[in-house]
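Dear colleague,

Please find below the structure that I agreed to pass on to you. My notes on it follow directly after.

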Amino acid sequence: MALDIPKTRYTGSIKQVKLGGGDKAVTIGGETAYPFYLFEGQMPNLPKIAMEVYDSPPQDWAEAALEPFAGVTGDPVAWAKKCIDDYGAEMICLQLASTDPNGADRGADEAAALVKKLADAISVPLIVWGTANHEKDTEVFRTVAEVCQGKRLVIGPVEEGDHKKIGAAALGYKHTVSASTPIDINLAKQLNILLGNLGIPDDMLVMDPTVSGIGYGIEYCYSVMERMRMAALTQQDERLQFPIICNIAKEVWKTKEVKIPESEDPKMGDIKKRGILTEAMSAAVLLLAGADVLVMRHPEAIRLVREILAEMTAA
Amino acid sequence: MPLTGIEIFKLLPKTNCGRCGVPTCLAFAMNLAAGKSELSACPDVSEEAQAKLSEASAPPILPVTIGSGAKPLKIGGETVMFRHEKRFENPPGLALLISDTMPSSEVDARLKKCKDLQYYRVGLTLGSELVALRNDSGDAGKFESLASHVKQNSDCNIILMSQSVEALAAAAKAAADRKPLLYAATKDNVDAMAKLAKETGCPLAVKASGLEELVELTNKLTAAGIKNLVLDSGSRKLRQSFEDQVIIRSAALVKKFRPLGFPTIVLPCEMTDDPMKEAVIASIFVAKYGGIIVLSDFNGESLFPLLVERLNIFTDPQRPLATTEGIYPINNPDENSPVLITSNFSLTYFIVSGEIENSKVPTWLLIKDTEGLSVMTSWAAGKFSADVIAPFVLKSGITDKAKHRKLVIPGYIAAESGGLEEELAGWEILVGPREGAHIPAYLKAWKP
């Protein structure tokens, strides 16, 4: 019996989306096969990694995650520059954590001024992430979108509850929308339809399926993303043919498992390496399921994932 | 190719005797086609039918068992490409490499690691179950004595790796009753290895350079009557090795291609010198589709996330993981500490207990058995409502641990607070946050 290599019958492809502008713009998507099934189709654009920057100094981070950013965590612009200059970030994701009404509740104008300052200071694409509070995100993103007109930001999370107002602002000022739904393929499709109806062009839309790390339900987002890719590539589900963004770093680094010192539980091994590996492995699992953009934190985890990406796609 | 239910039905006795456990032969045929019954359940099946059916009903990826002790490792037996289509069956074995050139202190340290690095999570003990002994010395005597040493000093299942048939024979005989995996038959030694596998009854790994050669070798071995095979396509480049895993799995499942219908073995330990990268490579093969993953070393920082990833990916999508009902003390609570209650869906438990730990506020967490459903789902199903929560709280023993009578319920079941105040006389019911992330702020503000 001779080997007859089975081929998946693909009927669709993922749409290409260009993020940012100028010569540092990046293009994502365009896949014509399941992730890394390069014997069946193409991945014309390698998945990209955006490095996280916070709008206020992190309070409860693991030591290992703070160390690479010592001296810059109080200044988002310096932080972003360090990511780009020292760690080769292709994109930056600004987490607007301090706008959280359950936290510091920083106002929309202040947040928008910071986004503008950061967007002016860097030339790589900028993702701006809110707090998933519909009212506050609406307020913040309407201001951000206007103040940063022409910066071609990526704005998220845009959810069903706030998609009209934030979507309209993004549309008006030409920013890309990250459509966010809670680990459900049907809700994801539904929101993509709604955003399409609103007039968001297909090349200004990415999907955030809501992800979590190893030990915290990664199997759910893994399977939802696999199903999204299956629907998009083999079932002509046109409203799921969008690139996927995974905001994974904060999910990994907030878990207790990356914060337990080795002295407390020797079987858990080196705390720093454990955090890095949990982030890198979670990212690897999401890449296999179809991630196009990974929002990541630790430079060493990013190095590992970049090397893995290069080897998975080596000629 | 698999037979349909109707094709199977034609081969059955059509007596509808019911002794197989279902009332009619047609129903039994349908079960056979769906893989839900075994042909041996039919008492009257003819030999001719048996031959035809056993060929057609054999699982597309044969299960292979390594080891014979209390916890043999079962791999293979997979039925789907994607876990959401049904579930992944047998988690890959993670093997710790031990070389026969290592000093005996290192060998013992590694055996100890294999035994000690176990983790308790959601009622399960996660750990590895496999050592890969490699004959780097080239000396058959050394390899044999390593195999005997491991057999005597460890319960782990064993892989024997050597290029020399002679060394494998010596070690296999020393550890034969442990049914080690013999690694590996190659095109140069296939006849001798077939003979050794037959004599010892051990499962056999097949190493080729590429899939075509692998197919030739497995055809030869199955023709010789050897069915317990594990496949190594030979590539040590990540891309090729990954693609080989996908092709082997899909050839077996989609095309029912028997020569590749076996579990695989992958060797991240031979793919990089960087232990961190090795761990990430291993995480890729846990998801897609390694049967055995051989690692150069075990360390808590890499083994723990790999074991948890394996648990996650191999969780049955139809049966969510659940944690045990009971009282969970977090941050050393006392009689004045707050009492929270939530569902026993493992994710709910991890997130809520993690946030409580983050808050550093001493807290009693009550976990109610909701059959593994999340707060909202179990509430909607009537498994997390006042009439079931109240008797549980009273019987849980929390009244001996906390002197106040205040119970914090999840924000999503705020509607139950009235019912609970009725059912729990003398208790004050407090509605907590909806989201786990808001628990620390809530607890910090809590007063007894």
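In this predicted model, helix 9 of chain A passes helix 10 of chain A in a right-handed crossing. The axes of helix 9 and helix 10 of chain A lie 8 Å apart, and the two helices pack at an angle of about 35 degrees. Helix 9 of chain A contributes Ile276(A), Glu279(A), Ala280(A), Ala283(A) and Ala284(A) to this contact, while helix 10 of chain A contributes Glu300(A), Ala301(A), Leu304(A), Val305(A) and Ile308(A). By class, eight of the residues in the contact of helix 9 with helix 10 of chain A are nonpolar and two are charged, with no polar residue.

Both helices also appear in the contact between the chains. That contact takes 41 residues from chain A and 50 residues from chain B. On the side of chain A that touches chain B, the elements giving two or more residues are helix 7 (218-234), helix 9 (271-289) and helix 10 (299-312) of chain A. Helix 9 of chain A provides the largest share of that side, namely nine residues. The side of chain A that touches chain B has 21 nonpolar residues, together with twelve charged and eight polar ones.

Turning to chain B, its domain assignment gives domain 1 (5-57), domain 2 (64-313) and domain 3 (326-445). Taken over C-alpha atoms, the centres of domain 1 and domain 2 of chain B are separated by 35 Å.

With kind regards

Notes: Residues numbered from 1 in each chain as written. Chains lettered and ligands numbered in written order. Predicted model: local features only at pLDDT ≥ 70, side-chain atom pairs only at ≥ 80, totals over all residues. Contact = placed C-beta atoms within 7 Å. Helix = DSSP H or I, 4+ residues; strand = E, 2+ residues; numbered from the N terminus. Nonpolar A, V, L, I, M, F, W, Y, C, P; charged D, E, K, R; others polar. Domains from an automatic or database assignment. Axes fitted to C-alpha atoms, helices over the stretch in contact; angles between N-to-C directions. Left-handed = near helix turned anticlockwise from the far one by under 90°.
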